[in-house]
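Grab a viewer and a pencil. Below is a set of exercises, each with a solution that you can check by clicking through the atoms.

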Amino acid sequence: MKRLIASVLASASLLSLLAGCSGGAAPTATGESAGDGPVTIEFWHSMGSTTGELLQEIVDEFNASQDDVYVEAIYQGDYTTAGTKLQAAVSGGNAPQVAQIEITSVGMYANAGMLLDLMPYAENDPDFDLDSFYDGVMDFSYYDGQLISLPNGRSVPVLYYNADAFQAAGLDAPETWDDLRNDAKALTKDGTYGFGLPLGDSWYYLAMVLTAGGQIYNAEGNNIGFHDESGTKPLQLWLDMMNEGTLYLPEGEDYASNAALRNAFMAGTCAMTMQSSAQYRSLADNSDFEVGVAYIPKDVTYAAIPGGSNLVAFAGMTQEEEEATWQFMKYMCSGEVAGKYAAGTGYLPTSEAALNSAEYQEMLAQYPYLDVAVDQLEYFVTMPFDEAYTEIKDQVIGKYEQECIIGGMSPEDAVENMYQETAKFYE
(Lines give C-alpha, C1' and ligand atoms only; values in the text may rest on other atoms or scores of the structure.)
Protein backbone atom coordinates (compact mmCIF):
# COMPACT_ATOMS: atom_id res chain seq x y z
CA MET A 1 0.00 0.00 0.00
CA LYS A 2 2.98 2.27 0.59
CA ARG A 3 4.89 1.63 -2.61
CA LEU A 4 3.30 4.52 -4.49
CA ILE A 5 4.26 6.95 -1.73
CA ALA A 6 7.73 5.47 -1.67
CA SER A 7 8.14 6.25 -5.35
CA VAL A 8 7.03 9.82 -4.80
CA LEU A 9 9.55 10.27 -2.01
CA ALA A 10 12.19 8.30 -3.86
CA SER A 11 15.23 10.52 -3.44
CA ALA A 12 14.13 13.03 -0.85
CA SER A 13 12.83 12.91 2.68
CA LEU A 14 9.52 14.61 3.33
CA LEU A 15 11.26 17.30 5.37
CA SER A 16 13.64 18.28 2.59
CA LEU A 17 10.84 18.02 0.04
CA LEU A 18 8.66 20.50 1.87
CA ALA A 19 11.55 22.84 2.47
CA GLY A 20 12.17 23.20 -1.22
CA CYS A 21 8.88 22.63 -2.96
CA SER A 22 8.37 26.19 -4.17
CA GLY A 23 8.75 26.66 -7.89
CA GLY A 24 8.21 29.72 -10.07
CA ALA A 25 10.17 31.72 -12.55
CA ALA A 26 9.33 34.85 -14.68
CA PRO A 27 8.60 37.65 -14.89
CA THR A 28 9.89 38.22 -11.34
CA ALA A 29 11.57 35.91 -8.88
CA THR A 30 9.15 33.62 -7.06
CA GLY A 31 8.32 34.86 -3.59
CA GLU A 32 9.17 38.47 -4.39
CA SER A 33 6.99 40.80 -2.38
CA ALA A 34 4.09 42.66 -3.91
CA GLY A 35 5.99 45.88 -3.27
CA ASP A 36 8.81 44.74 -5.56
CA GLY A 37 6.49 43.36 -8.21
CA PRO A 38 3.98 40.54 -8.50
CA VAL A 39 4.57 37.25 -6.72
CA THR A 40 5.04 34.63 -9.40
CA ILE A 41 3.59 31.16 -8.99
CA GLU A 42 3.64 28.14 -11.28
CA PHE A 43 0.42 26.38 -12.20
CA TRP A 44 0.84 22.92 -13.74
CA HIS A 45 -2.12 21.53 -15.67
CA SER A 46 -3.16 18.75 -18.05
CA MET A 47 -5.46 20.57 -20.44
CA GLY A 48 -4.34 20.52 -24.05
CA SER A 49 -5.94 21.61 -27.32
CA THR A 50 -8.91 24.01 -27.14
CA THR A 51 -9.44 23.36 -23.41
CA GLY A 52 -5.84 24.34 -22.79
CA GLU A 53 -6.36 27.50 -24.78
CA LEU A 54 -9.41 28.35 -22.69
CA LEU A 55 -7.50 27.68 -19.48
CA GLN A 56 -4.68 29.94 -20.62
CA GLU A 57 -7.21 32.64 -21.45
CA ILE A 58 -8.60 32.42 -17.90
CA VAL A 59 -5.09 32.62 -16.43
CA ASP A 60 -4.30 35.64 -18.62
CA GLU A 61 -7.48 37.33 -17.41
CA PHE A 62 -6.48 36.69 -13.81
CA ASN A 63 -3.03 38.16 -14.40
CA ALA A 64 -4.55 41.23 -16.03
CA SER A 65 -7.12 41.70 -13.25
CA GLN A 66 -4.59 42.65 -10.56
CA ASP A 67 -0.92 43.52 -10.02
CA ASP A 68 0.01 41.40 -7.01
CA VAL A 69 0.19 37.89 -8.48
CA TYR A 70 1.49 36.53 -11.76
CA VAL A 71 0.56 32.95 -12.67
CA GLU A 72 2.64 30.99 -15.15
CA ALA A 73 0.47 28.21 -16.54
CA ILE A 74 2.48 25.21 -17.77
CA TYR A 75 0.97 22.30 -19.68
CA GLN A 76 2.49 19.01 -18.52
CA GLY A 77 0.67 16.48 -20.70
CA ASP A 78 -2.32 14.27 -19.96
CA TYR A 79 -3.07 13.10 -16.42
CA THR A 80 -0.75 10.09 -16.68
CA THR A 81 2.19 12.04 -18.09
CA ALA A 82 1.63 15.00 -15.79
CA GLY A 83 1.39 12.71 -12.78
CA THR A 84 4.79 11.21 -13.56
CA LYS A 85 6.34 14.66 -13.96
CA LEU A 86 4.78 15.90 -10.75
CA GLN A 87 6.04 12.94 -8.75
CA ALA A 88 9.54 13.58 -10.07
CA ALA A 89 9.30 17.29 -9.25
CA VAL A 90 8.04 16.57 -5.75
CA SER A 91 10.84 14.06 -5.14
CA GLY A 92 13.39 16.63 -6.26
CA GLY A 93 11.93 19.46 -4.20
CA ASN A 94 10.78 21.37 -7.28
CA ALA A 95 7.01 21.11 -7.10
CA PRO A 96 4.92 23.98 -8.45
CA GLN A 97 2.92 26.11 -6.06
CA VAL A 98 -0.40 24.90 -7.49
CA ALA A 99 -1.29 21.97 -9.71
CA GLN A 100 -4.33 20.49 -11.38
CA ILE A 101 -4.29 16.77 -10.63
CA GLU A 102 -6.61 13.87 -11.37
CA ILE A 103 -8.83 13.43 -8.32
CA THR A 104 -7.80 9.88 -7.43
CA SER A 105 -4.21 11.09 -6.95
CA VAL A 106 -5.15 13.67 -4.30
CA GLY A 107 -5.14 11.12 -1.49
CA MET A 108 -1.59 10.03 -2.29
CA TYR A 109 -0.16 13.50 -1.73
CA ALA A 110 -2.46 14.24 1.21
CA ASN A 111 -1.46 11.03 2.98
CA ALA A 112 2.20 12.07 2.76
CA GLY A 113 1.48 15.50 4.23
CA MET A 114 2.57 17.32 1.10
CA LEU A 115 -0.47 19.53 0.55
CA LEU A 116 -1.20 22.94 1.99
CA ASP A 117 -4.19 23.12 4.30
CA LEU A 118 -6.42 25.72 2.68
CA MET A 119 -8.93 25.81 5.53
CA PRO A 120 -7.42 28.84 7.33
CA TYR A 121 -7.69 30.85 4.11
CA ALA A 122 -11.20 29.62 3.34
CA GLU A 123 -12.46 30.37 6.84
CA ASN A 124 -10.93 33.84 7.03
CA ASP A 125 -11.84 35.04 3.54
CA PRO A 126 -15.20 36.87 3.59
CA ASP A 127 -15.44 36.54 -0.19
CA PHE A 128 -15.24 32.75 -0.17
CA ASP A 129 -18.00 30.35 0.84
CA LEU A 130 -17.27 26.62 1.06
CA ASP A 131 -20.98 25.90 1.31
CA SER A 132 -21.55 27.31 -2.16
CA PHE A 133 -20.11 24.22 -3.86
CA TYR A 134 -22.26 21.27 -4.85
CA ASP A 135 -21.81 18.46 -2.34
CA GLY A 136 -20.85 15.97 -4.99
CA VAL A 137 -17.82 17.88 -6.20
CA MET A 138 -16.27 18.25 -2.74
CA ASP A 139 -15.61 14.54 -2.20
CA PHE A 140 -11.85 14.82 -2.75
CA SER A 141 -11.37 18.09 -0.89
CA TYR A 142 -11.12 17.07 2.77
CA TYR A 143 -8.52 14.94 4.51
CA ASP A 144 -8.05 14.55 8.28
CA GLY A 145 -10.00 17.73 8.94
CA GLN A 146 -8.00 19.73 6.42
CA LEU A 147 -9.10 21.34 3.17
CA ILE A 148 -6.49 20.01 0.78
CA SER A 149 -8.01 20.65 -2.67
CA LEU A 150 -10.70 22.58 -4.51
CA PRO A 151 -12.81 21.33 -7.45
CA ASN A 152 -11.72 22.53 -10.85
CA GLY A 153 -12.41 20.37 -13.92
CA ARG A 154 -14.84 17.79 -12.55
CA SER A 155 -16.63 15.37 -14.81
CA VAL A 156 -18.67 12.18 -15.06
CA PRO A 157 -18.74 9.52 -17.77
CA VAL A 158 -21.70 9.87 -20.12
CA LEU A 159 -23.02 8.11 -23.19
CA TYR A 160 -22.60 10.02 -26.45
CA TYR A 161 -24.74 9.02 -29.40
CA ASN A 162 -25.28 10.04 -33.00
CA ALA A 163 -28.69 11.67 -32.63
CA ASP A 164 -29.22 11.85 -36.39
CA ALA A 165 -28.62 8.11 -36.79
CA PHE A 166 -30.91 7.38 -33.86
CA GLN A 167 -33.68 9.52 -35.32
CA ALA A 168 -33.35 7.88 -38.73
CA ALA A 169 -33.64 4.45 -37.09
CA GLY A 170 -36.61 5.53 -34.96
CA LEU A 171 -34.67 4.97 -31.72
CA ASP A 172 -34.44 6.83 -28.43
CA ALA A 173 -31.28 7.12 -26.37
CA PRO A 174 -30.70 3.82 -24.51
CA GLU A 175 -31.65 3.76 -20.84
CA THR A 176 -30.80 0.15 -20.01
CA TRP A 177 -28.14 -2.37 -20.98
CA ASP A 178 -30.72 -4.21 -23.05
CA ASP A 179 -31.46 -0.97 -24.90
CA LEU A 180 -27.74 -0.45 -25.48
CA ARG A 181 -27.28 -3.91 -26.92
CA ASN A 182 -30.39 -3.79 -29.11
CA ASP A 183 -29.67 -0.28 -30.37
CA ALA A 184 -26.11 -1.31 -31.23
CA LYS A 185 -27.50 -4.17 -33.34
CA ALA A 186 -29.90 -1.84 -35.14
CA LEU A 187 -27.22 0.75 -35.87
CA THR A 188 -24.48 -1.62 -37.03
CA LYS A 189 -24.54 -1.43 -40.82
CA ASP A 190 -22.78 0.10 -43.82
CA GLY A 191 -19.39 0.15 -42.09
CA THR A 192 -20.71 1.66 -38.86
CA TYR A 193 -20.51 -0.12 -35.53
CA GLY A 194 -23.24 0.41 -32.98
CA PHE A 195 -20.98 0.99 -30.00
CA GLY A 196 -17.35 2.03 -29.51
CA LEU A 197 -15.69 0.68 -26.35
CA PRO A 198 -13.29 2.96 -24.41
CA LEU A 199 -10.97 0.18 -23.29
CA GLY A 200 -8.02 2.44 -22.43
CA ASP A 201 -9.49 3.74 -19.17
CA SER A 202 -10.95 1.59 -16.38
CA TRP A 203 -13.18 4.53 -15.39
CA TYR A 204 -15.79 3.43 -17.92
CA TYR A 205 -15.75 -0.22 -16.85
CA LEU A 206 -16.23 0.92 -13.24
CA ALA A 207 -19.12 3.13 -14.37
CA MET A 208 -20.83 0.02 -15.71
CA VAL A 209 -19.99 -1.93 -12.55
CA LEU A 210 -21.80 0.70 -10.51
CA THR A 211 -24.91 0.53 -12.67
CA ALA A 212 -24.89 -3.25 -12.12
CA GLY A 213 -25.15 -2.67 -8.37
CA GLY A 214 -21.47 -3.00 -7.45
CA GLN A 215 -19.27 -0.63 -5.48
CA ILE A 216 -15.72 0.50 -6.20
CA TYR A 217 -14.43 -0.80 -2.85
CA ASN A 218 -15.90 -3.13 -0.25
CA ALA A 219 -17.25 -1.90 3.10
CA GLU A 220 -13.88 -2.49 4.79
CA GLY A 221 -12.08 -0.36 2.21
CA ASN A 222 -9.44 -3.00 1.55
CA ASN A 223 -10.52 -4.61 -1.73
CA ILE A 224 -12.79 -4.22 -4.73
CA GLY A 225 -16.53 -4.06 -4.15
CA PHE A 226 -17.51 -5.94 -7.31
CA HIS A 227 -16.17 -9.43 -6.65
CA ASP A 228 -19.44 -10.86 -7.95
CA GLU A 229 -21.78 -10.56 -10.94
CA SER A 230 -21.59 -6.76 -10.86
CA GLY A 231 -17.95 -7.13 -11.94
CA THR A 232 -18.37 -9.87 -14.52
CA LYS A 233 -21.60 -8.69 -16.18
CA PRO A 234 -20.15 -5.59 -17.92
CA LEU A 235 -17.30 -7.67 -19.34
CA GLN A 236 -19.72 -10.35 -20.54
CA LEU A 237 -21.96 -7.71 -22.12
CA TRP A 238 -19.06 -6.33 -24.13
CA LEU A 239 -17.87 -9.79 -25.15
CA ASP A 240 -21.38 -10.60 -26.36
CA MET A 241 -21.51 -7.38 -28.36
CA MET A 242 -18.11 -8.14 -29.83
CA ASN A 243 -19.31 -11.58 -30.91
CA GLU A 244 -22.39 -9.97 -32.46
CA GLY A 245 -20.15 -7.66 -34.49
CA THR A 246 -21.60 -4.49 -33.00
CA LEU A 247 -18.62 -3.39 -30.88
CA TYR A 248 -15.75 -1.26 -32.15
CA LEU A 249 -12.34 -1.31 -30.43
CA PRO A 250 -9.95 1.60 -31.10
CA GLU A 251 -6.21 1.25 -31.44
CA GLY A 252 -3.71 2.66 -28.96
CA GLU A 253 -3.38 2.58 -25.19
CA ASP A 254 -4.66 4.68 -22.29
CA TYR A 255 -5.54 8.23 -23.32
CA ALA A 256 -4.35 7.67 -26.89
CA SER A 257 -6.99 4.96 -27.21
CA ASN A 258 -9.68 7.34 -26.01
CA ALA A 259 -8.57 9.99 -28.48
CA ALA A 260 -8.76 7.43 -31.30
CA LEU A 261 -12.24 6.44 -30.17
CA ARG A 262 -13.46 10.03 -30.14
CA ASN A 263 -12.13 10.48 -33.66
CA ALA A 264 -13.94 7.31 -34.74
CA PHE A 265 -17.19 8.54 -33.21
CA MET A 266 -16.93 11.93 -34.92
CA ALA A 267 -16.16 10.20 -38.21
CA GLY A 268 -19.28 8.04 -37.91
CA THR A 269 -17.38 4.79 -37.40
CA CYS A 270 -19.43 4.06 -34.28
CA ALA A 271 -22.84 5.42 -33.34
CA MET A 272 -22.39 5.38 -29.56
CA THR A 273 -19.55 5.58 -27.08
CA MET A 274 -18.79 6.44 -23.47
CA GLN A 275 -16.55 9.41 -22.76
CA SER A 276 -16.11 12.14 -20.19
CA SER A 277 -18.75 14.84 -19.99
CA ALA A 278 -15.86 17.25 -20.55
CA GLN A 279 -15.70 16.14 -24.19
CA TYR A 280 -19.17 17.39 -25.11
CA ARG A 281 -18.26 20.72 -26.66
CA SER A 282 -15.39 19.24 -28.64
CA LEU A 283 -17.46 16.35 -29.97
CA ALA A 284 -20.42 18.58 -30.82
CA ASP A 285 -18.26 21.17 -32.58
CA ASN A 286 -16.35 18.63 -34.67
CA SER A 287 -19.10 16.23 -35.76
CA ASP A 288 -21.24 16.52 -38.89
CA PHE A 289 -24.25 15.23 -36.95
CA GLU A 290 -26.08 16.22 -33.80
CA VAL A 291 -24.34 14.75 -30.77
CA GLY A 292 -26.71 13.51 -28.09
CA VAL A 293 -25.75 12.95 -24.45
CA ALA A 294 -27.35 10.52 -22.00
CA TYR A 295 -26.65 8.83 -18.69
CA ILE A 296 -24.58 5.67 -18.72
CA PRO A 297 -27.27 3.00 -19.33
CA LYS A 298 -28.27 1.07 -16.23
CA ASP A 299 -28.51 -2.60 -15.43
CA VAL A 300 -30.17 -2.19 -12.02
CA THR A 301 -29.56 1.47 -11.15
CA TYR A 302 -28.18 4.72 -12.43
CA ALA A 303 -24.82 5.71 -10.98
CA ALA A 304 -22.19 8.35 -11.65
CA ILE A 305 -18.53 7.81 -10.88
CA PRO A 306 -16.72 11.11 -10.20
CA GLY A 307 -13.81 12.07 -12.42
CA GLY A 308 -11.73 14.99 -13.54
CA SER A 309 -9.36 17.12 -11.54
CA ASN A 310 -8.96 19.27 -8.45
CA LEU A 311 -6.58 22.10 -7.67
CA VAL A 312 -4.00 21.45 -4.96
CA ALA A 313 -1.32 23.66 -3.41
CA PHE A 314 1.92 22.20 -2.10
CA ALA A 315 3.12 22.86 1.44
CA GLY A 316 6.44 24.57 2.14
CA MET A 317 5.79 27.89 0.41
CA THR A 318 6.59 31.31 1.77
CA GLN A 319 3.72 33.25 3.30
CA GLU A 320 3.59 35.50 0.23
CA GLU A 321 3.42 32.51 -2.10
CA GLU A 322 0.65 30.94 -0.02
CA GLU A 323 -1.40 34.12 -0.17
CA ALA A 324 -0.80 34.47 -3.91
CA THR A 325 -1.76 30.85 -4.49
CA TRP A 326 -4.96 31.26 -2.50
CA GLN A 327 -5.96 34.31 -4.52
CA PHE A 328 -5.52 32.35 -7.75
CA MET A 329 -7.34 29.24 -6.52
CA LYS A 330 -10.22 31.34 -5.21
CA TYR A 331 -10.46 33.09 -8.57
CA MET A 332 -10.57 29.76 -10.43
CA CYS A 333 -13.47 28.59 -8.22
CA SER A 334 -15.51 31.77 -8.46
CA GLY A 335 -18.92 31.49 -10.08
CA GLU A 336 -18.17 33.44 -13.23
CA VAL A 337 -14.82 31.78 -13.90
CA ALA A 338 -15.97 28.25 -13.07
CA GLY A 339 -19.05 28.90 -15.22
CA LYS A 340 -16.91 30.05 -18.12
CA TYR A 341 -14.68 26.98 -17.84
CA ALA A 342 -17.69 24.64 -17.71
CA ALA A 343 -19.41 26.42 -20.59
CA GLY A 344 -16.36 26.12 -22.80
CA THR A 345 -15.81 22.43 -22.19
CA GLY A 346 -18.54 20.30 -20.66
CA TYR A 347 -16.97 20.01 -17.23
CA LEU A 348 -19.38 20.32 -14.34
CA PRO A 349 -20.24 23.79 -13.09
CA THR A 350 -19.12 23.35 -9.50
CA SER A 351 -21.70 25.60 -7.85
CA GLU A 352 -25.08 27.23 -8.37
CA ALA A 353 -23.23 30.46 -9.12
CA ALA A 354 -21.32 28.75 -11.92
CA LEU A 355 -24.47 27.10 -13.27
CA ASN A 356 -26.33 30.41 -13.27
CA SER A 357 -23.47 32.48 -14.66
CA ALA A 358 -24.33 34.42 -17.80
CA GLU A 359 -21.76 32.62 -19.94
CA TYR A 360 -22.89 29.14 -18.89
CA GLN A 361 -26.56 29.93 -19.45
CA GLU A 362 -25.81 31.45 -22.84
CA MET A 363 -23.86 28.34 -23.86
CA LEU A 364 -26.59 26.05 -22.54
CA ALA A 365 -29.00 27.64 -25.01
CA GLN A 366 -26.66 26.62 -27.85
CA TYR A 367 -25.65 23.20 -26.48
CA PRO A 368 -28.78 21.65 -24.95
CA TYR A 369 -26.98 18.63 -23.45
CA LEU A 370 -24.41 20.70 -21.58
CA ASP A 371 -26.07 20.23 -18.20
CA VAL A 372 -26.72 16.46 -18.43
CA ALA A 373 -23.69 15.94 -16.20
CA VAL A 374 -25.16 18.30 -13.59
CA ASP A 375 -28.32 16.19 -13.44
CA GLN A 376 -26.21 13.18 -12.50
CA LEU A 377 -24.90 14.74 -9.29
CA GLU A 378 -27.68 12.97 -7.40
CA TYR A 379 -26.18 9.65 -8.49
CA PHE A 380 -22.60 10.41 -7.41
CA VAL A 381 -20.96 7.52 -5.58
CA THR A 382 -18.25 7.43 -2.93
CA MET A 383 -14.75 6.85 -4.29
CA PRO A 384 -11.66 5.38 -2.58
CA PHE A 385 -9.41 8.08 -1.19
CA ASP A 386 -6.07 6.47 -0.45
CA GLU A 387 -2.63 6.27 -1.97
CA ALA A 388 -3.11 2.79 -3.45
CA TYR A 389 -6.22 3.37 -5.55
CA THR A 390 -4.54 5.20 -8.42
CA GLU A 391 -2.25 2.26 -9.07
CA ILE A 392 -5.01 -0.30 -8.53
CA LYS A 393 -7.42 1.24 -11.04
CA ASP A 394 -4.74 1.54 -13.72
CA GLN A 395 -2.42 -1.41 -13.15
CA VAL A 396 -4.87 -3.97 -11.79
CA ILE A 397 -8.46 -3.23 -12.80
CA GLY A 398 -7.55 -1.76 -16.17
CA LYS A 399 -5.08 -4.54 -16.91
CA TYR A 400 -7.51 -7.39 -16.36
CA GLU A 401 -10.34 -5.59 -18.10
CA GLN A 402 -8.18 -5.61 -21.22
CA GLU A 403 -7.02 -9.19 -20.63
CA CYS A 404 -10.67 -10.19 -20.79
CA ILE A 405 -11.79 -8.17 -23.80
CA ILE A 406 -8.74 -8.60 -26.03
CA GLY A 407 -6.70 -11.32 -24.29
CA GLY A 408 -9.22 -14.13 -24.05
CA MET A 409 -9.48 -14.30 -20.24
CA SER A 410 -12.95 -15.13 -18.90
CA PRO A 411 -14.86 -12.40 -17.04
CA GLU A 412 -14.83 -14.58 -13.91
CA ASP A 413 -11.05 -15.02 -13.99
CA ALA A 414 -10.51 -11.34 -14.75
CA VAL A 415 -12.51 -10.20 -11.72
CA GLU A 416 -10.92 -12.87 -9.51
CA ASN A 417 -7.48 -11.60 -10.50
CA MET A 418 -8.54 -8.03 -9.74
CA TYR A 419 -9.65 -9.22 -6.30
CA GLN A 420 -6.49 -11.17 -5.53
CA GLU A 421 -4.06 -8.49 -6.67
CA THR A 422 -5.92 -5.67 -4.94
CA ALA A 423 -5.73 -7.63 -1.67
CA LYS A 424 -1.93 -7.53 -1.84
CA PHE A 425 -1.97 -3.74 -1.51
CA TYR A 426 -3.61 -4.01 1.89
CA GLU A 427 -1.70 -6.90 3.45
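The exercises that follow work on a predicted model, so treat every value as computed from it.

**Exercise 1. Find the heart of the largest nonpolar core, and say which helix gives the most to it.**

Step 1: The largest nonpolar core holds 67 residues.
Step 2: Inside this core, the residues with the most contacts are Phe43, Leu130, Leu150 and Phe328.
Step 3: Helix 13, residues 319-333, gives the most to this core, with six residues.
Step 4: Now pick Leu150 and list its neighbours, leaving out residues up to four places away in sequence. You should get Leu118, Phe128, Leu130, Ser141, Asn310, Leu311, Trp326, Met329 and Cys333.
Step 5: Apart from the largest core lies another one, of 54 residues, and Leu159, Leu247, Ala303 and Ile405 are among them.

**Exercise 2. Classify the ring pair Tyr121 and Trp326: how are the planes arranged, and where in the chain do the two residues sit?**

Step 1: A search of the whole structure turns up 23 aromatic pairs, so there is plenty to choose from.
Step 2: For Tyr121 and Trp326, the ring centres are 6.0 Å apart and the planes meet at 25°. Planes under 30 degrees apart count as stacked, so this pair is stacked.
Step 3: Tyr121 belongs to helix 6 (residues 119-124) and Trp326 to helix 13, which puts the partners 205 residues apart.
Step 4: Check burial, with under 20% as the cut-off. Tyr121 has 16% relative accessibility and therefore counts as buried; Trp326, at 2%, is buried too.

**Exercise 3. Do the same for Phe140 and Phe385: what kind of pair is this, and is each partner buried or partly exposed?**

Step 1: The ring centres of Phe140 and Phe385 are 5.2 Å apart, with the planes at 75°. Over 60 degrees counts as edge-to-face, so that is the label here.
Step 2: Both partners are in loops: Phe140 between helix 6 and strand 4 (142-143), Phe385 between helix 17 (372-375) and helix 18 (389-407). They are 245 residues apart along the chain.
Step 3: Phe140 is buried at a relative accessible area of 1%, whereas Phe385 comes out partly exposed at 22%.
Step 4: For extra practice, look up the aromatic cluster formed by Phe43, Phe62, Phe328 and Tyr331.

**Exercise 4. Explain why helix 9 is called largely enclosed, then look at its two ends.**

Step 1: Helix 9 covers residues 202-211, and 10 of its 10 residues are buried, so the rest of the structure largely encloses the helix.
Step 2: The buried residues include Trp203, Tyr204, Tyr205, Met208 and Thr211.
Step 3: At the start of helix 9, a side-chain oxygen of Asp201 comes to within 2.9 Å of the backbone nitrogen of Trp203.
Step 4: After helix 9 comes Gly213, with a positive phi near 95°.

**Exercise 5. Describe the surroundings of Gly308 and of two acidic residues, Asp125 and Glu42.**

Step 1: Gly308 lies in strand 14 (residues 307-313) and is buried at 8% relative accessible area.
Step 2: Beyond four places in sequence, Gly308 touches Tyr79, Ile101, Glu102, Ile103, Gly153, Arg154 and Ser155. Between the C-alpha atoms of Gly308 and Ile101 there are 8.2 Å, although the two are 207 residues apart along the chain.
Step 3: Asp125 sits in the loop between helix 6 and strand 4, and its relative accessible area of 10% makes it buried. Its contacts, with residues up to four places away left out, are Trp326 and Lys330.
Step 4: Glu42 is in strand 1 (residues 39-45) and is buried at 12%. The side chains of Glu42 and Trp44 are joined by a polar contact of 3.0 Å. The C-alpha atoms of Glu42 and Pro96 are 5.2 Å apart, across 54 residues of chain.

**Exercise 6. How many disulfides does the structure hold?**

Step 1: Recall that a disulfide is a covalent bond between the sulfur atoms of two cysteines.
Step 2: The count for this structure is zero.
Step 3: Check two cysteines for burial: Cys333 is buried at 7% relative accessibility, and Cys404 is buried at 2%.

Note on methods:
Residues numbered from 1 in each chain as written. Predicted model: local features only at pLDDT ≥ 70, side-chain atom pairs only at ≥ 80, totals over all residues. Heavy atoms only, no water. Helix = DSSP H or I, 4+ residues; strand = E, 2+ residues; numbered from the N terminus. Buried < 20%, exposed > 50% of the residue type's maximum accessible area, 1.4 Å probe, protein only. Contact = heavy atoms within 4.5 Å. Core = buried A, V, L, I, M, F, W, Y, C linked by side-chain atoms within 4.5 Å. Phe/Tyr/Trp six-rings, centres within 6.5 Å; stacked < 30°, edge-to-face > 60°. Polar contact = N/O pair within 3.5 Å; in protein donor to acceptor, adjacent residues only side chain to side chain. Disulfide = S-S within 2.5 Å.
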